[in-house]
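Me: I am new to reading protein models, and I would like to go through one slowly with you. Could we take its features in turn, with the idea behind each before the case itself?

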Amino acid sequence: MLVETDSHSGFCFGVRNAVEIAEDALIKGEQVFSLGPIVHNDREVERLSSLGLVTIDHEGFRKLKNCKVLIRAHGEPPETYQMARQNNIEIIEATCPIVRKLQSRIRQIWDSVKEGKGQVVIFGKPGHAEVVGLLGQINNEGSLLTKPVEADKLDITVPVYLFSQTTMSVKDYMELAEAIKERMEGAGIDPDKNLIVHKTICGQVSNREPHLMVFARKHDIVVFVSGKESSNGKMLYSVCRSVNPETYFISSPDEVDPSWFTGKESVGVCGATSTPKWLIEKTAEAIKKIKI
């Protein structure tokens with residue numbers, strides 16, 4: 001049985017950068033807290049925990065003083081930094097540069113349109129750390145939409161400045177933009193003047209969609225490795241499954257079921273932008289040992 005690992009799967013730049021920053025601090029023997037799991041992958045969090053990284057939530061953060069706290073790739077709202085200053089907390093900045101740029105763009109647009117000149121609309125997952133950070137840039141005064149059909153909720157009489165969480169599906173984002181455009185046209189509103197769509201989905205994420213479709217098609221079975229809480233993982237898994245129904249979602253090699261491979265000649269192993277390469281390779285090795 002042929003087992004192929006996808007060479008493009010594994011950490012995106014933002015996650016890899018955050019992990020390396022954490023590792024550098026830990027190697028120096030520093031006590032480092034991570035505000036939220038550094039990555040939505042339990043196995044990688046466990047590995048870094050074994051090196052000394054302590055994961056805390058926001059309630060725990062509010063109780064800390066005189067220490068170092070890492071801001072993960074997803075970013076944080078302004079009030080997090082304000083609290084850090086008040087409590088003499090040194091911030092180790094690991095926000096993804098793409099997310100940081102998006103935060104700045106949203107804040108600049110909001111400052112220019114908040115006096116009734118327009119509205120900021122974000123396409124993303126409710127409660128997702130990145131979305132919390134984005135909404136925080138605009139005092140939580142933007143609108144959050146989670147799927148294209150929610151375009152009906154918008155007041156289209158006010159110009160729309162549309163942004164997306166960086167890890168959302170490009171297809172769904174374009175469908176949302178088209179739905180808003182159609183509503184405006186139906187109401188006699190010129191979308192060319194009143195709908196400004198910002199391309200804010202990460203290129204590393206968007207490029208993986210078509211690549212994984214090709215990868216999933218060429219195998220009899222696909223094993224997709226990702227943390228269960230990973231938004232990107234859920235999205236890319238659905239991309240694989242859309243072209244190959246025999247795609248299985250696992251978070252650990254322990255979850256591999258030997259019965260999946262009966263009569264199969266080709267297996268593809270891939271993962272999310274939050275899945276460490278070592279875990280994908282470990283899964284592939286476990287599959288190779290299966291006797292069918």
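**Reading the model**

Reply: Let us begin with a single residue, remembering that this is a predicted model: Tyr 248 has a relative accessible area of 24% and is therefore partly exposed, because that label covers values between the 20% under which a residue is buried and the 50% over which it is exposed.

Me: Which partner does Tyr 248 have in an aromatic pair, and is that pair stacked or edge-to-face?

Reply: The general idea is that a pair of aromatic rings is described by the distance of the centres and the angle of the planes. Here Tyr 248 pairs with Trp 260, and the two rings are stacked, with 4.1 Å from centre to centre and 10 degrees between the planes. Tyr 248 belongs to strand β11, whereas Trp 260 sits in the loop between β11 and β12 (266-271), so the pair ties together parts that are 12 residues apart in sequence. Trp 260, with 15% relative accessibility, counts as buried.

Me: How many aromatic pairs does a search of the whole structure find, and what are the distance and angle for Tyr 237 and Phe 249?

Reply: The search of the whole structure finds six aromatic pairs. In the pair of Tyr 237 and Phe 249 the centres are 5.3 Å apart and the planes stand at 90 degrees, which makes the pair edge-to-face. Since Tyr 237 lies in helix α10 (residues 231-243) and Phe 249 in strand β11 (residues 247-250), this pair also ties together parts that are 12 residues apart in sequence. Phe 249 counts as partly exposed, at 24% relative accessibility. Ring pairs also link Phe 224, Tyr 237 and Phe 249 into a cluster.

Me: Now for the chain as a whole: how many helices and strands does it have, and how should I judge its compactness?

Reply: The protein chain has 11 helices and 12 strands. For compactness, one compares the radius of gyration with what the globule rule gives: the value for this chain is 21 Å, close to the 19 Å given for 292 residues, so the chain is as compact as a globular protein of that length. Along its principal axes, the C-alpha trace spans about 65 × 55 × 25 Å. Buried residues account for 52% of the 292 residues, and of the contacts between residues at least 6 apart in sequence, 71% join residues at least 24 apart.

Me: Where is Arg 47 found, and which residues does it touch?

Reply: Arg 47 is found in helix α2 (residues 42-50), and with a relative accessible area of 27% it is partly exposed. Leaving aside residues up to four places away in sequence, Arg 47 touches Val 19, Glu 23 and Trp 278. Distance in sequence and distance in space can be read side by side: Arg 47 and Arg 105 are 58 residues apart in sequence, and their C-alpha atoms are 35 Å apart.

Me: What is the sign of the phi angle of Asn 88, and is Asn 88 buried or exposed?

Reply: Phi of Asn 88 is positive, near 55 degrees, in a residue other than glycine. Asn 88 has its place in the loop between α4 (78-86) and β5 (90-93), and at 52% relative accessibility it counts as exposed. Asn 139, which is not a glycine either, has a positive phi of about 60 degrees, and its place is in the loop between α6 (129-136) and β7 (143-145).

Conventions:
Residues are numbered from 1 along each chain as its sequence is written. This is a predicted model: local features need pLDDT of at least 70, side-chain atom pairs count only at pLDDT 80 or more; totals for chains, interfaces and linings use all residues. Side-chain values use heavy atoms; hydrogens and water are left out. Helices (H or I, at least four residues) and strands (E, at least two) are DSSP runs, numbered from the N terminus. The radius of gyration is taken over C-alpha atoms; the globule rule is 2.2 Å times the number of residues to the power 0.38. Buried means under 20% relative accessible area, exposed over 50%, partly exposed in between (1.4 Å probe, protein chains only). Contact means heavy atoms within 4.5 Å. Rings of Phe, Tyr and Trp (its six-membered ring) pair if their centres lie within 6.5 Å; planes under 30 degrees apart count as stacked, over 60 as edge-to-face and the rest as tilted.
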